[in-house]
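Please open the model in your viewer and switch to a cartoon display, with side chains ready to be shown when a stop on the tour asks for them. Take the stops in order, and select each element before reading on.

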Amino acid sequence: MNNDINNVDVIIIGAGIAGISSAYYLQKHFPDLKYIIIESRSDLGGTWDQMTFPGVRSDSDMYTYGYTFNPWKGSIIGTGKDIKLYQNATAEKFNIRKNILFNTSVESLAWKNNQWTTKTNKKNFQSQYVICCTGSRDYSQPNFPKFKGESKFKGEIVHTQSWGNTKFKGKNVAIVGSGCTAVTMTPAIVKEAKSVTLIQRSPAWIVNVNGNEKSNRLYKTFETLVDYALSRMFKKSYKKKVLSKYSNYYNDTNIPSYGYWNQRPACSLNNDYFDAFKSDKVSVEHTGINNWEKNGIKLQNGKTIGCDLAIMATGLNAQLLGGINIFVNEKKINLNKTSWYRGMMFSSIPNLFAHTGYINFSWTARCELVSERICKTMKFMKKNKFTYCEPKYIGEKSKPAIEANYVLRSMDKFPNRTYKFDNRNYLMEYMNFKWAKINDGVLTFH
Ligand SMILES: Cc1cc2nc3c(=O)[nH]c(=O)nc-3n(C[C@H](O)[C@H](O)[C@H](O)COP(=O)(O)OP(=O)(O)OC[C@H]3O[C@@H](n4cnc5c(N)ncnc54)[C@H](O)[C@@H]3O)c2cc1C
């Protein structure tokens, strides 16, 4: 380990959508500032570098998922590969790539004597600010439900978060899970697989997207937010409307048990998911798993699904700040005992900003709002010669932003309080972040 300390103004951790956004806005507002992006993977892209399972693509429209400072020029839904290429092109265009330190993992962050020390597996750094762009999930441990008899199973089990070189051609495949991943993967493997059985405890909401749709950011912003708002206001009638629109697919056996938009609806592209069901190779079982058997999976309804390949599309484990150990004046921080300020800072943690996106709108849109707000805060501090800022521990008990299983599973790892003015709605935050004073009485300056 090289113990030399390297000094920069800002450390950004993570080179995905949020990391590139942070770097772009820092460069725009502080051309002379010295920053570095620390990334544990060997390439940038974050989610879109890691997720390589067949069919991986966006569910959001790319008009709102693309950066405003480098608008997306491709089709309305982006493939994982194209989104990664787009992120690479953005980093090249704005000269960001040269500031990324790849294959370097942050192990801990320690605030002492009014600055951060960032310990990595290679070098250590000191900086006035840290921006965590580490995403919202545990990169090493996805949600992998365990069932009895796993060692008996003679086939292969793979989680979509670590797809590697998994082969499915000519195999009997079982896909466990009903979310966006299962919906995009099914049409992508059905042609080559011998059979595909989906095992789902609860079916998901699925909507169709026309891949040839030409639109623009403003229209898609309103369309998505209005769809979300109406589904919240008129829960029953809206649910009915969606069911009748897709009456060729939904029947008494596959209506989701949760409300429309309680989780992000999965998207079928040009009806690919609905069409996949026309093939007699595809079937679905709406029940839980009981145990593994030598040649397949025994379900709670008593059936056994024979398979050579079991794909766990069972989602992620939510995690904030990349699970990095954080110390403030030598005291270890427990995030669950903090207040979450504007979804971008935590009480008791000075000069540390963090990105999380929306669940009901494109992630990138929030990254850009937060990036601008961070720069505004830093400018305010510079002008007034402050060294650090931190939010007060106040607020109301946190509620889950959405009833997605991965959020509900992880509530004990999230801050226990949020502030009254926090509202994870793009339009509300757009106005709030633009016009709310930096010195708002909650953020304190020293
Ligand atoms: C299959 C899939 C489809 C999705 N589709 C959509 C969609 O359509 N619309 C939408 O809005 N959202 C979608 N999402 C959510 C998606 O995660 C976000 O849109 C976005 O990519 C997150 O970007 P990020 O930069 O915040 O985090 P990430 O992409 O997760 O990147 C975090 C980076 O931080 C790095 N890192 C973490 N810890 C450390 C450490 N200790 N040291 C160094 N580096 C570290 C990681 O290696 C990673 O590169 C999807 C997610 C998945 C999995």
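What follows is a walk through strands, helices and a few single residues of this predicted model.

**Stop 1: a strand with two covered faces**

Begin by selecting residues 10–13, which make up strand β2, and show the side chains there. In a regular strand the side chains alternate between the two faces of the sheet. In β2 both faces are covered, with V10 and I12 on one side and I11 and I13 on the other, and these residues are all buried. Now add residues 35–38, strand β3, which pairs with β2 in the parallel sense over four bridges. If you label I11 and look across to β3, you will find its bridge partner, I36.

**Stop 2: a strand with one covered face**

Next select strand β7, residues 124–127, where the picture changes: F125 and S127 lie on a covered face, while N124 and Q126 lie on an uncovered one. Which neighbours does β7 pair with, and in which sense? With strand β1, residues 5–7, β7 pairs in the parallel sense over three bridges, and N6 stands opposite F125 of β7. With strand β6, residues 115–120, β7 is joined by four bridges and the two run antiparallel; here T117 stands opposite Q126 of β7. Follow the chain from β6 to β7 and you will pass through a hairpin of three residues. Strands of a sheet pair through backbone hydrogen bonds, either parallel or antiparallel.

**Stop 3: two residues with a positive phi**

Move back along the chain to N113, in the loop between β5 (106–112) and β6. Most residues other than glycine have a negative phi, and most peptide bonds are trans. N113 has a positive phi of about 50° although it is not a glycine. Is N113 buried or exposed? N113 has 7 other C-beta atoms within 10 Å, and it is therefore exposed.

Then select L321, which is found in the loop between β18 (309–312) and β19 (325–328). L321 also is not a glycine and has a positive phi, of about 55°. The surroundings of L321 include 23 other C-beta atoms within 10 Å, so L321 is buried.

**Stop 4: an open sheet of five strands**

Keep β18 selected and bring in its sheet, an open one in which five strands follow the order β9-β18-β10-β11-β14 with parallel pairing. The edge strands are β9 (156–159) and β14 (282–285), each of which pairs on one side only. Looking along the sheet from one strand to the next, you can follow a twist that averages 20°. Within the sheet, select β10, residues 172–176, which pairs with β18 in the parallel sense over four bridges, and find V176, whose bridge partner in β18 is M312. Finally, show helix α5, residues 180–190, which lies across β10, β11 (195–199) and β14 and runs at about 170° to β11.

**Stop 5: helix α9 and two of its partners**

Select helix α9, residues 363–383, together with helix α11, residues 426–435; they pack at an angle of about 15°, with their axes 10 Å apart. The two helices are therefore roughly parallel to each other, and their crossing is left-handed. Show the side chains where they meet: A365, L369, E372 and R373 in α9 face the contact with Y426, E429, Y430 and F433 in α11. By class, this contact has five nonpolar, no polar and three charged residues.

Now hide α11 and show helix α1, residues 17–29, which packs with α9 at an angle of about 35°, with axes 9 Å apart. The crossing of α1 and α9 is right-handed. The contact includes I17, Y25 and L26 among the residues of α1, and W363, C367 and E372 among those of α9. By class, the contact of α1 with α9 has seven nonpolar, five polar and three charged residues.

**Stop 6: a residue in helix α4**

For the last stop, select L85 in helix α4, residues 80–93. With 15 other C-beta atoms within 10 Å, L85 is partly exposed. Add L44 to the selection: L85 and L44 are 41 residues apart in sequence, and 9.6 Å apart in space from C-alpha to C-alpha.

Notes
Residues are numbered from 1 along each chain as its sequence is written. This is a predicted model: local features need pLDDT of at least 70, side-chain atom pairs count only at pLDDT 80 or more; totals for chains, interfaces and linings use all residues. Axes are lines fitted to C-alpha atoms, for helices over the stretch in contact, and angles run from 0 to 180 degrees between N-to-C directions. Angles under 35 degrees count as roughly parallel, over 145 as roughly antiparallel, 65 to 115 as roughly perpendicular and the rest as oblique. A crossing is left-handed if the near helix is turned anticlockwise from the far one by less than a right angle, and right-handed if clockwise. Two residues are in contact if their C-beta atoms, placed from the backbone, lie within 7 Å. Ala, Val, Leu, Ile, Met, Phe, Trp, Tyr, Cys and Pro count as nonpolar, Asp, Glu, Lys and Arg as charged, and the others, Gly among them, as polar. A residue is buried if 20 or more other C-beta atoms lie within 10 Å of its own, exposed if 12 or fewer, and partly exposed in between; C-beta atoms are placed from the backbone. Two strands pair if DSSP finds at least two bridges between them.
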